[in-house]
Amino acid sequence: MDYYLTFKLLHILSATLMFGTGLGTAFYMFVTNRSGNVQAIAVVSRWVVRADYLFTTPAVIFQPISGLLMAHWLGYPLTANWLWISMSLYALTGACWLPVVWIQIKMRDMAQIAAKENTELPAQYWRYERIWTALGFPAFISLIVVYWLMVNKPF
């Protein structure tokens with residue numbers, strides 16, 4: 001197998017890992033928050049933060065590196081519309097994801113304290129939760145469009 005096919009496989013696998021981990025952890029955090037169970041929220045939020053560090057972060061870093069390298073190998077100019085739009089949407093996703101990571105850490109810390117002290121979650125937790133949820137929508141929609149552009153290269 002040549003370098004291109006190896007990178008293509010790793011690119012697809014990391015895209016799958018990034019999207020799958022993001023969607024999976026978002027789903028579990030969202031539904032666990034709806035339960036109102038502070039102990040469950042403390043456990044799930046701790047694992048969501050860990051999953052971002054272990055799976056999402058390496059994939060987020062590898063995606064643009066491998067994607068741009070493959071585009072270069074195939075002779076696509078970085079000014080190709082589909083590539084430029086993809087990079088812009090990926091940047092938008094990152095602009096949503098970075099504050100989400102910070103928010104998740106804050107939410108995790110608040111949940112850990114509330115679980116340990118057997119108290120309710122503070123109002124700030126729920127303000128963060130609304131922002132966390134709102135930032136997820138443009139990030140996920142942007143990634144879906146990026147995947148479509150990568151597969152179809154329409155223009």
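**Salt bridges, contacts and surface of a four-helix chain**

Glutamate 129 is buried, with a relative accessibility of 5%. Here buried means under 20% relative accessible area, exposed means over 50%, and partly exposed lies in between, with a 1.4 Å probe and protein chains only. The model is predicted: local features need pLDDT of at least 70, side-chain atom pairs count only at pLDDT 80 or more, and totals for chains, interfaces and linings use all residues. Residues are numbered from 1 along each chain as its sequence is written, and side-chain values use heavy atoms, with hydrogens and water left out.

The chain contains four helices and zero strands. Its pattern along the sequence is α-α-α-α. Helices (H or I, at least four residues) and strands (E, at least two) are DSSP runs, numbered from the N terminus. The C-alpha atoms fill a box of roughly 60 × 30 × 20 Å, taken along the principal axes. Of the 155 residues in the chain, 38% are buried. Contacts, defined as heavy atoms within 4.5 Å, were also examined by their separation in sequence. Among those between residues at least 6 apart, 80% join residues at least 24 apart.

The accessible surface comes to about 9000 Å². Carbon and sulfur atoms account for 73% of this area. Accessible areas come from the Shrake-Rupley method with a 1.4 Å probe; for residues, only the protein chains shown count as cover. The chain carries 10 positive and 6 negative side chains. The centres of the two sets lie 2 Å apart. In this count Lys and Arg are positive and Asp and Glu are negative, while His and the chain ends are not counted. Each charge is placed at NZ of Lys, CZ of Arg, CG of Asp or CD of Glu.

Side chains of opposite charge can pair when their charged atoms come close. A salt bridge requires a side-chain nitrogen of Lys or Arg within 4 Å of a carboxyl oxygen of Asp or Glu. The whole structure holds two salt bridges. One of them joins the side chains of glutamate 129 and arginine 34, at 2.8 Å from N to O. Glutamate 129 belongs to helix H4 (residues 123-152) and arginine 34 to helix H1 (residues 3-35), so the pair ties together parts that are 95 residues apart in sequence. Glutamate 129 is buried, whereas arginine 34 is partly exposed at 44%.

A salt bridge also links the side chains of aspartate 109 and arginine 108, at 2.9 Å from N to O. Both partners are partly exposed: aspartate 109 has a relative accessible area of 31%, and arginine 108 has 22%. Arginine 46, in helix H2, touches Arg108 and Gln112, not counting residues up to four places away in sequence. Arginine 46 is partly exposed, with 26% relative accessible area. Arginine 46 and aspartate 109 are 63 residues apart in sequence, but their C-alpha atoms are 8.3 Å apart in space.

Helix H3 (residues 81-117) includes threonine 93. This residue is buried at 9% relative accessibility. Outside its neighbours within four places in sequence, threonine 93 contacts Ala139, Ser142 and Leu143. Alanine 91 is also in helix H3. Alanine 91 is partly exposed, at 48%. Its C-alpha atom lies 9.3 Å from that of serine 142, with their positions 51 residues apart in sequence.

On the surface, Leu17, Tyr53, Leu54 and Phe55 make a nonpolar patch of about 410 Å². Patches are built from residues with over 30% relative accessible area and no salt bridge: like charges are joined within 9 Å, and nonpolar side chains (Val, Leu, Ile, Met, Phe, Trp, Tyr) within 5 Å. Helix H2 (residues 38-74) gives the most to the nonpolar patch, with three residues. Leucine 54, located in helix H2, is exposed at 57%.

Two residues were noted for their backbone angles. Asparagine 118 has a phi near 55 degrees, a positive value in a residue other than glycine. It sits in the loop between H3 and H4 and is exposed, at 66% relative accessibility. Lysine 153, which is not a glycine either, has a positive phi of about 40 degrees. Lysine 153 lies in the segment after H4. Its relative accessibility is 32%, and it counts as partly exposed.
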